[in-house]
Amino acid sequence: MTERISLTRYLVEQQRVDGRIPPQLRLLLEVVARACKRISQAVNKGELGDVMGTAGSQNVQGEVQKKLDIIANETLIEANEWGGHLAAMASEEMEGIYVVPNRYPQGEYLLMFDPLDGSSNIDVNVSIGTIFSVLKKPEGHPGVHDNDFLQPGTCQVAAGYCVYGPQTTLVLTVGDGVAMFTLDREQGSFVLIRENVRIPEDTKEFAINMSNMRHWDEPVKRYIDECLAGKEGPREKDFNMRWVASMVADVHRILSRGGIFMYPWDKREPNKPGKLRLMYEANPMGWLVEQAGGAATNGKQRILDIKPTQLHERVSVILGSKNEVERVTSYHNSI
């Protein structure tokens, strides 16, 4: 019988290897995983748990909040505020940062999260998820400020997501490859299912919202037109399209079998560089994809090299199989 390795054991063993994970970071990741288990339970209850529908409020981006958005956000805060691992948290659902209250010890890490990505899919029973990113608090000054969070993605010390679908699966990197864990509900623990996940460099599958085609910039149109032309076109192969409208689900598919995901800039909001959030979505997903051998750019530069200027900064996202991402990026840079 194959030995089952729990998330806790995996993290402990990673901690032992060259001190890859400091003890406080290991404990923080275990707390995040426990919070994801609680969110998974709430999602699974659906209508039976009175968690469906809208909450009658909006988040900082002006988007209507679902009840589960708020529940997931509160779950992550309540689980992480008292452990002594964190100095502060930032969430897609909150305008400002959440500093750990004085009644609890302050740690050296900063946690950022999109508590429930793809929440438009909640009411139709399609996969959704939680995305998170961990930074170290800069040293040299007391207190915690918004500016402490404004670090490029290259500064992340851990990142991951938890997808709530047919299984609940946690995907994690600490900078040494990507590992996947599935929740064993009978045991109540996440169990390692894949290690050293790799994304194929080539693919025949793309994910983009085709209904926005008329709003795209020329490089994106060119790439998609070539894909749609199939074997008779310049790519000389047929492509399939997938679009779940849940970044967690689309990226999980790419990590599982390859592909390219695109949420590009478009002409409807020309002053905004993109739709997705750099710090809560693009950076953690970009790092995971890179750690699995893929690539992630905004069309012109590597996402992880972008220095944020505000907490809720947006960005264009092109990520997935390396050769396809490089092709789209070259189209942008040849203009």
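In this predicted model, Asn196 is exposed, with a relative accessibility of 54%, and its place is in the loop between β10 (189-194) and β11. The backbone of Asn196 has a positive phi of about 50°, although this residue is not a glycine. Glu236 likewise is not a glycine and has a positive phi, here of about 55°. The place of Glu236 is in the loop between α5 and β12, and because its relative accessibility of 64% is over the 50% cut-off, this residue also counts as exposed.

The interior of the model was examined next. The largest nonpolar core holds 45 residues, and within this core Leu29 and Phe181 touch the most other members. Helix α2 (residues 23-45) provides the largest share of the core, namely 11 residues. When residues up to four places away in sequence are not counted, Phe181 touches Leu7, Tyr10, Thr168, Thr169, Leu170, Leu172, Phe190, Val191, Leu192 and Ile193. A second core, separate from the one just described, consists of 40 residues, among them Tyr161, Val251, Met285 and Ile303.

Charged side chains were then considered, and the search of the whole structure finds 20 salt bridges. In one of these, Arg242 pairs with Glu205, and the closest N and O atoms are 3.8 Å apart. Arg242 lies in the loop between β12 (240-241) and α6 (247-257), whereas Glu205 lies in strand β11 (residues 205-207), so the salt bridge ties together parts that are 37 residues apart in sequence. The two partners can be described by their accessibility: Arg242 is partly exposed, with a relative accessible area of 34%, while Glu205, at 10% relative accessibility, counts as buried because this value is under 20%.

A salt bridge is also formed between Arg327 and Glu226, with the closest N and O atoms 4.0 Å apart. This pair links distant parts of the chain, since Arg327 belongs to helix α8 (residues 322-333) and Glu226 to helix α5 (residues 218-229), with their positions 101 residues apart in the numbering. Arg327 counts as partly exposed, at 30% relative accessibility, whereas Glu226 is buried, with a relative accessible area of 11%.

Helix α8 also contains Glu324, whose side chain meets that of Arg235 in a salt bridge with an N to O distance of 2.7 Å. Arg235 is found in the loop between α5 and β12, and this pair, 89 residues apart, again links distant parts of the chain. Both Glu324 and Arg235 are buried. Some salt bridges share partners, and in this way Glu205, Arg242, Asp250, Arg253 and Arg257 are joined into one network.

Finally, the enclosed spaces were counted, and three cavities of 30 Å³ or more are present. The largest cavity has a volume of about 40 Å³, and the residues that line this cavity are Ile208, Asn209, Asn212, Trp216, Trp243, Met262, Tyr263, Pro264 and Asp266. When the lining of the largest cavity is divided by residue type, six residues are nonpolar, two are polar and one is charged.

Terms used
Residues are numbered from 1 along each chain as its sequence is written. This is a predicted model: local features need pLDDT of at least 70, side-chain atom pairs count only at pLDDT 80 or more; totals for chains, interfaces and linings use all residues. Side-chain values use heavy atoms; hydrogens and water are left out. On a 1 Å grid over the protein atoms alone, a cavity is a set of points where a 1.4 Å probe fits but cannot get out, and a pocket is an open set with protein on both sides within 12 Å along at least five of seven lines; lining residues have an atom within 4 Å of a point. Grid points are joined across faces, edges and corners, and a volume is the space filled by probe spheres set on the points. Ala, Val, Leu, Ile, Met, Phe, Trp, Tyr, Cys and Pro count as nonpolar, Asp, Glu, Lys and Arg as charged, and the others, Gly among them, as polar. A nonpolar core is a set of buried Ala, Val, Leu, Ile, Met, Phe, Trp, Tyr and Cys residues joined through side-chain atoms within 4.5 Å. Buried means under 20% relative accessible area, exposed over 50%, partly exposed in between (1.4 Å probe, protein chains only). Helices (H or I, at least four residues) and strands (E, at least two) are DSSP runs, numbered from the N terminus. Contact means heavy atoms within 4.5 Å.
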